[in-house]
Amino acid sequence: MIKSAYQTLLVVLVLVAGSLVAQNADIVIRNGHVIDAKNNINSVMDVAITDGKISQVGPKLSVNAKKTIDATGLYVVPGLIDLHGHHYYGTEPDHYLSDGYSALPPDGFTFRAGVTAVVDAGGSGWRNFTDFRDQTFLNSKTKMFAFLNIVGAGMRGGAYEQNTTDMDSKLTALVAKQYPDQIVGIKLAHFMSSDWTPTDRAVEAGRQAGIPVMIDFGAANPVLSWDTLLLKKLRPGDIVTHCFGQTDGRMHVVENGTVQPYAFKAQQRGIIFDVGHGGGSFMYSQAIPAIKQGLKPNTISTDLHTGSMNGGMKDMANVMSKLLNIGLSLQEVIAKSTWEPAKVINKKDLGNLSPGAPADVALFSVDTGKFGFIDVGNNKMTGDKKLTCHLTLLNGEVVWDLNGLAANPYKP
Ligand SMILES: [Zn+2]
């Protein structure tokens, strides 16, 4: 009995001594307010990074680091995941978002807004995914994923996206299964006819490849039934993007000021409501009443391309700021831009700060003042809170540093 107590004491002493020995780290971010939805963290903590990965998160870490970053007054969050962007940029004329001028190289637009991973929403189809991969994936630091367009030619615009003979479930699924690390879903967009064929083909491709489908439901005329789409055609885990858009023929979650019952029912059965702001798909007339009545988006995304970034959308931080001012909490806004999209695309090593996860980290301030936010109808909402990205780390490397938080002091 005495021997056993002695042994227990010895173990406790060893543990205490071990915890007092400072660990080595490459970087420690101190005194920031950490928000990590996966790990239920929402308080002031330190974050240590070693070999490009998160090594420790906790209050007042005993760490010897090569570099200390003071994050006092800032929020420290996982690198953001933008679930809907357009990055198959190229120089082919009349190619819209598939190897054309309207798509954007990710690194020039992501890090400055705290984004470290993007999902291209349908720029390529099964015919040209490898071209997209060689052109953009292999030349970008931003972590890249793709929803493969059900149209074999991808998002070339116009007639190409109306061609049901180029919507092949089997070939789309085959290419998706060939590149499971990069292709995380199937996309259908911009279809204008009152016909379920494209939806059925996209869902079938998603079923064969075991991945979700993201639907931009075009503007069918006459309008197809949203009840049928959301409650019968789509599977739990499938995504409806542009969820607060208001275009003829598209989903309106709000009619006459009231959220449609199908929208709540669909969200309850696991359909993901994604913002996908874009240049024409985010109206306050939808977003404000929907959120006030309890229909919150599951994920926040930009629909980034040349047609959205210079309008009301701007960037991920701006879209998040809008939702913060409409009434989502900061914790919700961060979760819906990090851990929630990571789960949707089944990349659960991202969007969190668990020890061992890649050190993709963003530091934000929530500035207070009087700010204006514009929707796609040129309507302005004023708000008193705005997110600014100060620092972004990708695999532990500084890729954006607004005010020199991680830079060396100048010595003449
Ligand atoms: Zn889009």
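Which backbone oxygen does the side chain of Lys-187 reach? In this predicted model, the side chain of Lys-187 reaches the backbone oxygen of Ala-121, at 3.3 Å. Lys-187 belongs to strand β9, which spans residues 183-188, and although the residue is buried, it takes part in no salt bridge. Asp-216 offers the nearest side chain of opposite charge, at 4.9 Å, and because a salt bridge requires the nitrogen and the carboxyl oxygen to lie within 4 Å, this pair is not counted as one. Beyond the residues up to four places away in sequence, the contacts of Lys-187 include His-84, Ala-121, Phe-147, Asn-149, Met-214, Asp-216 and Thr-241.

His-84, one of the residues touched by Lys-187, is also a ligand of the zinc ion, which is coordinated by His-84 (NE2), His-86 (NE2) and Asp-303 (OD) at 2.1 to 2.3 Å. Along the chain, the donors of the zinc ion follow the spacing H-x1-H-x216-D. The pair of His-84 and Asp-303 links distant parts of the chain, 219 residues apart, with His-84 in strand β6 (residues 80-85) and Asp-303 in the loop between α7 (284-292) and α8 (306-309). Both His-84 and Asp-303 are buried.

His-87 is found in the loop between β6 and β7 (115-125). With a relative accessible area of 1%, His-87 is buried, and its side chain reaches the backbone oxygen of Leu-104 at 2.8 Å. Residues touched by His-87, apart from those up to four places away in sequence, include Ala-103, Leu-104, Pro-105, Pro-106, Asp-120, Phe-132, Met-144 and Leu-304.

The strands β6, β7, β8, β9, β10, β11 and β14 form an open sheet of seven strands in the order β6-β7-β8-β9-β10-β11-β14, with parallel pairing. The edges are occupied by β6 and β14 (272-273), each of which has a single partner strand, so one side of each is left without a neighbour in the sheet. Within this arrangement, β10 and strand β11 (residues 239-240) run parallel and are joined by two bridges, and Ile-215 has Val-240 in β11 as its bridge partner.

Antiparallel pairing is found among β1, β2 and β3. Strand β1 (residues 23-36) is joined to strand β2 (residues 41-50) by eight bridges, with His-33 paired to Val-44 in β2. Four residues lie between the strands in the hairpin of β1 and β2, where Asn-40 takes a positive phi near 55°. Strand β2 is in turn joined to strand β3 (residues 53-58) by five bridges, again with an antiparallel course, and Thr-50 stands opposite Lys-53 in β3. The hairpin of β2 and β3 has two residues between the strands, and Asp-51 takes a positive phi near 50° in this hairpin.

Further backbone features occur in loops. Most residues other than glycine have a negative phi, and most peptide bonds are trans. Asp-99, which is not a glycine, nevertheless has a positive phi of about 70°; this residue lies in the loop between β6 and β7 and counts as buried at 12% relative accessibility. His-190 likewise has a positive phi of about 70°, and its place is in the loop between β9 and α4 (197-209). A cis peptide bond, with omega about 0°, joins Asn-221 and Pro-222, and Pro-222 is found in the loop between β10 (213-215) and α5 (226-233).

Twelve salt bridges are found in a search of the whole structure. In one of these, the closest N and O atoms of Arg-127 and Asp-166 are 2.8 Å apart. This pair links distant parts of the chain, 39 residues apart, as Arg-127 is in the loop between β7 and α2 (129-135) and Asp-166 is in the loop between β8 (143-149) and α3 (169-178). Asp-166 is buried, with a relative accessible area of 9%. In another salt bridge, the side chains of Asp-360 and Lys-143 meet at 2.6 Å, N to O. Asp-360, in the loop between α11 (339-344) and β15 (361-374), and Lys-143, in strand β8, are 217 residues apart. Asp-360 counts as buried at 5% relative accessibility, and Lys-143 is buried with a relative accessible area of 17%. The salt bridge of Lys-385 with Asp-384 has its closest N and O atoms 3.4 Å apart; here Lys-385 is partly exposed, with a relative accessible area of 29%, and Asp-384 counts as partly exposed at 42%.

Terms used. Residues numbered from 1 in each chain as written. Predicted model: local features only at pLDDT ≥ 70, side-chain atom pairs only at ≥ 80, totals over all residues. Heavy atoms only, no water. Buried < 20%, exposed > 50% of the residue type's maximum accessible area, 1.4 Å probe, protein only. Lys, Arg positive; Asp, Glu negative; His and termini not counted. Polar contact = N/O pair within 3.5 Å; in protein donor to acceptor, adjacent residues only side chain to side chain. Contact = heavy atoms within 4.5 Å. Donors = N, O, S within 2.8 Å, 3.2 Å for Na, K, Ca; no water. Pairing = 2+ DSSP bridges.
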